[in-house]
Every structure is written in C-alpha cells, then in structure tokens.
Amino acid sequence: MAEVAPAPAAAPAKAAKKKAPKAKKPGPSLGELIVKAVAASKERNGVSLAALKKALAAEGYDVDKNKVRIKTAIKSLVAKGTLVQTKGTGASGSFKMSKKVEPKPGCWAARRPERW
C-alpha cells in the first residue's frame, strides 16, 4: 500500500513588521535650498527652473531623482508667498523673492476703537 505522508503543518503567521519612521536627513530642507539659491541670484527677472536645478546640483542635491519634489517645493513656496513667479505657469518659468510689505506699526490698530 502507498503510504500517504501527513500534510505539513501550516507555517505560523508572521507578525506584520512595523516600519520605523525614517530619520530626517541632516541639513537644510529643499525649500530652504531653493530660497537660498533664488536669494543669491542677482537676476532682475528671477531665476529659471533650469538655473535652480543647476544651483541645487552644485549644492550636492540629487536633482535627477527628485525632479517632482523640486516642482512641488517651488509650487508651495509660490503659494505661501515666499517666491513670486515672473514668467510661466506652475513650476516652470522664472522665480524671484517676494517683497513682503509689512504694515506700519500703529497704522490702523492705534486708531481703531476699543469696542471692536
């Protein structure tokens, strides 16, 4: 008679491994690097996206792997008001630092009635 081998016992279920959060890399963030590169430029019309990528590559940032991150960082800096887009739309075009106009102290607040 043919002997039937007993079925192997099911392997115990492995516990799902929790991924540890990645440690933040030391050094400035991408947004800070972009602001630094734009501020260092003396161009009147601003810095183009290609020139920004060259400046980031000179700083040691891997531009080829992080093209999408660069574009999203530029878009967010324009949305925040840190950068102003002088040409183009989206992440393409030229960018320069914005001139933030701060309100003069005591301008409206000093004349405002206390009941407001």
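1. Two strands are said to pair if DSSP finds at least two bridges between them. With that in hand, the sheet here is an open one of three strands, in the order β1-β3-β2, with antiparallel pairing. Helices (H or I, at least four residues) and strands (E, at least two) are DSSP runs, numbered from the N terminus. The edge strands, each pairing on one side only, are β1 (47-48) and β2 (83-87).

2. A word on the source: this is a predicted model, in which local features need pLDDT of at least 70 and side-chain atom pairs count only at pLDDT 80 or more, while totals for chains, interfaces and linings use all residues. Residues are numbered from 1 along each chain as its sequence is written, and side-chain values use heavy atoms, with hydrogens and water left out.

3. For the overall layout, the protein has three helices and three strands, and along the sequence they follow the pattern α-β-α-α-β-β. Of its 116 residues, 21% count as buried (under 20% relative accessible area; exposed is over 50%, partly exposed in between, with a 1.4 Å probe and protein chains only). Among contacts (heavy atoms within 4.5 Å) between residues at least 6 apart in sequence, 43% join residues at least 24 apart.

4. Back to the sheet, strand by strand. β2 and β3 (residues 94-97) run antiparallel and are joined by four bridges. Within this pairing, L83 stands opposite M97, and K87 has S94 as its bridge partner. The hairpin of β2 and β3 has six residues between the strands, and G88 takes a positive phi near 80° there. On the β1 side, two bridges join β1 to β3, and these strands run antiparallel too.

5. S94 is a good residue to click on. It lies in strand β3 and is buried, with a relative accessible area of 10%. S48 stands opposite S94, and K87 is also a bridge partner of S94. Not counting residues up to four places away in sequence, S94 touches N45, G46, V47 and S48, as well as V84, Q85, T86 and K87.

6. Now the helices. The axes of α2 (residues 49-59) and α3 (residues 67-80) come within 12 Å and cross at roughly 120°. Those axes are lines fitted to C-alpha atoms, for helices over the stretch in contact, and the angles run from 0 to 180 degrees between N-to-C directions. The crossing of α2 past α3 is right-handed, that is, the near helix is turned clockwise from the far one by less than a right angle (anticlockwise would be left-handed).

7. Who makes that contact? From α2 the residues are L49, L52, K53 and L56, and from α3 they are K67, I70 and I74. They divide into five nonpolar, no polar and two charged. The classes are: Ala, Val, Leu, Ile, Met, Phe, Trp, Tyr, Cys and Pro nonpolar; Asp, Glu, Lys and Arg charged; the others, Gly among them, polar.

8. Which residues of α2 are buried? They are L49, L52 and L56. Seen down the axis of α2, these fall within an arc of 55° (taken from the directions from the helix axis to the C-beta atoms), so they line one face of the helix. K54 and A58, on the other side of α2, are exposed. The cover over the buried residues of α2 includes α1 (30-40), β1, α3 and β3. Just after α2, G60 takes a positive phi of about 105°.

9. L49 ties several of these pieces together. It lies in α2 and is buried, with a relative accessible area of 14%. Leaving aside neighbours within four places in sequence, L49 is in contact with I70, I74, A91, S92 and G93. L49 and I74 are 25 residues apart in sequence, yet 9.0 Å apart C-alpha to C-alpha.

10. α1 deserves a look as well. Its buried residues are L30, G31, L33, I34, A37 and V38. Seen down the axis of α1, they fall within an arc of 160°, so they line one face of the helix. What covers them includes β1, α2, α3, β2 and β3.

11. Last, a surface residue. V68 lies in α3 and is exposed, with a relative accessible area of 62%. The C-alpha atoms of V68 and A91 are separated by 9.8 Å, with their positions 23 residues apart along the chain counted as their spacing.
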